[in-house]
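I opened the notebook today to look up where empty space is left inside a protein model, and what surrounds that space.

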Amino acid sequence: TTWNESAYFFGNIPRHIFTNAAGAAAALDDIRAQLQMLPVEATTAMEPTMDVNDKLVMYNPSDAAEYTGSMISFKKGYISDEVARKVFKKSVDEWSKLMRYTPSGNIFEAAVHEFIGAHPNALSAASMAHMPADGAPSTTKKAELANMWPVSASNAWDVVVLNPGQPVSLKSGSYYYPRVPNFPVVDSLVYKKKGKEHLLLCFQMTLADTHKPTTSAITNFVEEFEKTFTLNGKAAKIVCAKSGGGLQLKWGKTIESLRVSVVYITRDEVLKKYQNIDTSGGAGEEKMAKWLWAAVDQYWCDFPKDV
């Protein structure tokens, strides 16, 4: 179409799709030629008095043969400002994808994932502060966490991305995080096996001063865990012990002791108090979720300020 016909249908905003490389150069040359024929009479009903439409742009390719780059000039500053804003947003989105994580708008979370996945020794049990449901923080709990800490100074954990519908085998010393936003309750977790005892060290990244899980979220986490992880080819299930409280890990006919810890990674110590469960589920769901959450040890850790 001619430039005036495009203006009539699209409001003088050039929208061109190049379906093949051979025709791209000729099409772009045609656009440039029309844009440079100023003034262009506006043909849209919305802008009947304007000699030149606000949204006009001019392409000046830096390489006329290959069109590998170009300078784009805008007639109006507000248009260039809007384009710059959108380009910046796209750059941030691409940067996030390069970090192998699909974020839901949370740059802090994506950055922490990348950092602790590459530098596990930056965090340690010593940097965690225990958050009890009541009373003083327990030094025994911290000692238990240090004893089961999944990485030593001489090794690093394997980073494993969790993709929807693709179960993975639990491997001691591996760091797992989902490639889906809003995974229930936690953002990532590390698995460690020591003898017949198992540890799930779960991380929740937050800049809020509260992050209470709901009963339905805890129920969903247990269900997603079973769908996502296997041991010896069998689905791994988190179950509540029938006597004495606590948690167990079950796969096939095997049941062994399980300890679950949640570490809230924050900035500026914004979250330092025990996070109670938000009871909003059905009667059976609420009872199971309460039992499970009561068996989870909670810690907080400030993300290193020099990062």
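The entries below go from the cavities to the cores, then to one helix and one aspartate.

Entry 1, ground rules. I note that this is a predicted model, in which local features need pLDDT of at least 70, side-chain atom pairs count only at pLDDT 80 or more, and totals for chains, interfaces and linings use all residues. Residues are numbered from 1 along each chain as its sequence is written, and side-chain values use heavy atoms, with hydrogens and water left out.

Entry 2, cavities. I looked for cavities (sets of points on a 1 Å grid over the protein atoms alone where a 1.4 Å probe fits but cannot get out), and the count came to three of 30 Å³ or more. The largest holds about 60 Å³ of space, the volume being the space filled by probe spheres set on the points, which are joined across faces, edges and corners. Its lining residues (those with an atom within 4 Å of a point) include Val 185, Cys 202, Phe 221 and Trp 293. By class I found 10 nonpolar residues in this lining, with no polar and no charged ones; nonpolar here covers Ala, Val, Leu, Ile, Met, Phe, Trp, Tyr, Cys and Pro, charged covers Asp, Glu, Lys and Arg, and the others, Gly among them, are polar. Helix H6 (215-228), strand S13 (254-266) and helix H7 (283-294) each supply at least two lining residues, where helices (H or I, at least four residues) and strands (E, at least two) are DSSP runs numbered from the N terminus.

Entry 3, cores. I then turned to the largest nonpolar core, a set of buried Ala, Val, Leu, Ile, Met, Phe, Trp, Tyr and Cys residues joined through side-chain atoms within 4.5 Å, where buried means under 20% relative accessible area, exposed over 50% and partly exposed in between, with a 1.4 Å probe and protein chains only. Of its 37 residues, Leu 170, Leu 200, Phe 225, Phe 229, Leu 249 and Trp 293 touch the most other members. H6 gives the most to this core, with five residues.

Entry 4, helix H6. I counted among its buried residues Ile 218, Phe 221 and Phe 225.

Entry 5, Asp 302. This residue lies in strand S14 (residues 297-302), and it counts as buried because its relative accessibility is 18%. Its C-alpha atom is separated by 5.7 Å from that of Ile 265, although the two are 37 residues apart along the chain.

Notes: 1 Å grid on protein atoms, 1.4 Å probe; cavity = no way out; pocket = protein on both sides within 12 Å on 5 of 7 lines; lining within 4 Å.
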